[in-house]
Amino acid sequence: MTPPYIAVIFSSQRRVDDDGYAAMAERMVALAAAQPGFLGIESARGADGFGITVSYWRDEDAVRAWKRDVDHLDAQRRGREHWYARYAVRIARVERAYGLDSDAPLPPTERP
């Protein structure tokens with residue numbers, strides 16, 4: 001992904017009773033991936049039920065369209081009613097990004 005792009009950061013604490021959560025989460029990832037402007041997703045959850053999911057979007061219009069998706073609205077409602085003890089959503093514009101991919105070949109100037 002080449003900046004700028006939008007990151008939607010969703011942090012949550014799941015309840016102990018999360019019947020149906022895994023299937024819904026898988027469905028939402030597949031549905032989001034099919035949306036115009038979707039760039040990718042990263043997610044992690046600890047044994048204590050706390051998790052963070054970051055989805056990446058081309059622009060704010062794509063984020064707003066995803067927020068209004070009928071199936072996503074249903075998942076949001078079910079999350080509030082059944083799956084989450086608490087959650088927070090943060091939306092940020094990514095201006096710069098860099099990292100390391102140890103599996104990628106080194107450029108010629110960085111080879112030993």
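Which residue in E3 does Gln-13 stand opposite? In this predicted model, the residue across from Gln-13 is Phe-50 of E3, and the legends below take up the sheet, its helices and the chain as a whole.

**View 1. The open sheet and the order of its strands.**
The sheet is open and built from 4 strands in the order E2-E3-E1-E4, with antiparallel pairing. E2 and E4 stand at the edges, each with a single partner strand, so one side of each is left without a neighbour in the sheet. From one strand to the next, the twist averages 15°. Helix H1, made up of residues 21-33, packs on this sheet and touches E1, E2, E3 and E4, while its direction makes about 160° with that of E2.

**View 2. Strand E1 and its two pairings.**
Strand E1, which covers residues 5-14, is mostly covered, since 8 of its 10 residues are buried. In the pairing of E1 with E3, which is antiparallel, there are 8 bridges; Ser-11 has Ile-52 of E3 as its bridge partner, and Gln-13 stands opposite Phe-50. E1 is also joined to strand E4 (residues 84-94) by 10 bridges, again in the antiparallel sense, and here the bridge partner of Tyr-5 is Val-94 of E4. In a regular strand, side chains alternate between the two faces of the sheet.

**View 3. The hairpin of E2 and E3.**
Strand E2 (residues 38-45) pairs with strand E3 (residues 50-57) over 7 bridges, and the two run antiparallel. Within this pairing, Gly-40 stands opposite Tyr-56 of E3. The hairpin has 4 residues between its strands, and Gly-49 takes a positive phi near 90°.

**View 4. The crossing of helices H2 and H3.**
Helix H2, spanning residues 60-68, and helix H3, spanning residues 70-83, have axes that come within 5 Å and cross at roughly 65°. The two helices are therefore roughly perpendicular to each other. On the H2 side the contact is made by Trp-66, Lys-67 and Arg-68, and on the H3 side by Val-70, His-72, Leu-73 and Gln-76. Sorted by class, the residues of this contact are 3 nonpolar, 2 polar and 2 charged.

**View 5. Thr-2, in the segment before E1.**
Thr-2 lies in the segment before E1 and is exposed, with a relative accessible area of 69%, because values over 50% count as exposed. Although Thr-2 and Glu-95 are 93 residues apart along the chain, their C-alpha atoms are separated by 9.0 Å.

**View 6. The protein chain as a whole.**
The secondary structure of the protein chain comes to 3 helices and 4 strands, which follow the pattern β-α-β-β-α-α-β when read along the sequence. The radius of gyration is 17 Å, well over the 13 Å that the globule rule gives for 112 residues, so the protein chain is more spread out than a compact globule. Taken along the principal axes, the C-alpha atoms fill a box of roughly 55 × 35 × 20 Å. Of the 112 residues in the protein chain, 29% are buried. Among contacts with a separation of 6 or more, 75% are accounted for by residues 24 or more positions apart.

Definitions and conventions:
Residues numbered from 1 in each chain as written. Predicted model: local features only at pLDDT ≥ 70, side-chain atom pairs only at ≥ 80, totals over all residues. Heavy atoms only, no water. Axes fitted to C-alpha atoms, helices over the stretch in contact; angles between N-to-C directions. Parallel < 35°, antiparallel > 145°, perpendicular 65-115°, else oblique. Contact = heavy atoms within 4.5 Å. Nonpolar A, V, L, I, M, F, W, Y, C, P; charged D, E, K, R; others polar. Pairing = 2+ DSSP bridges. Rg over C-alpha atoms; globule rule 2.2 N^0.38 Å. Buried < 20%, exposed > 50% of the residue type's maximum accessible area, 1.4 Å probe, protein only.
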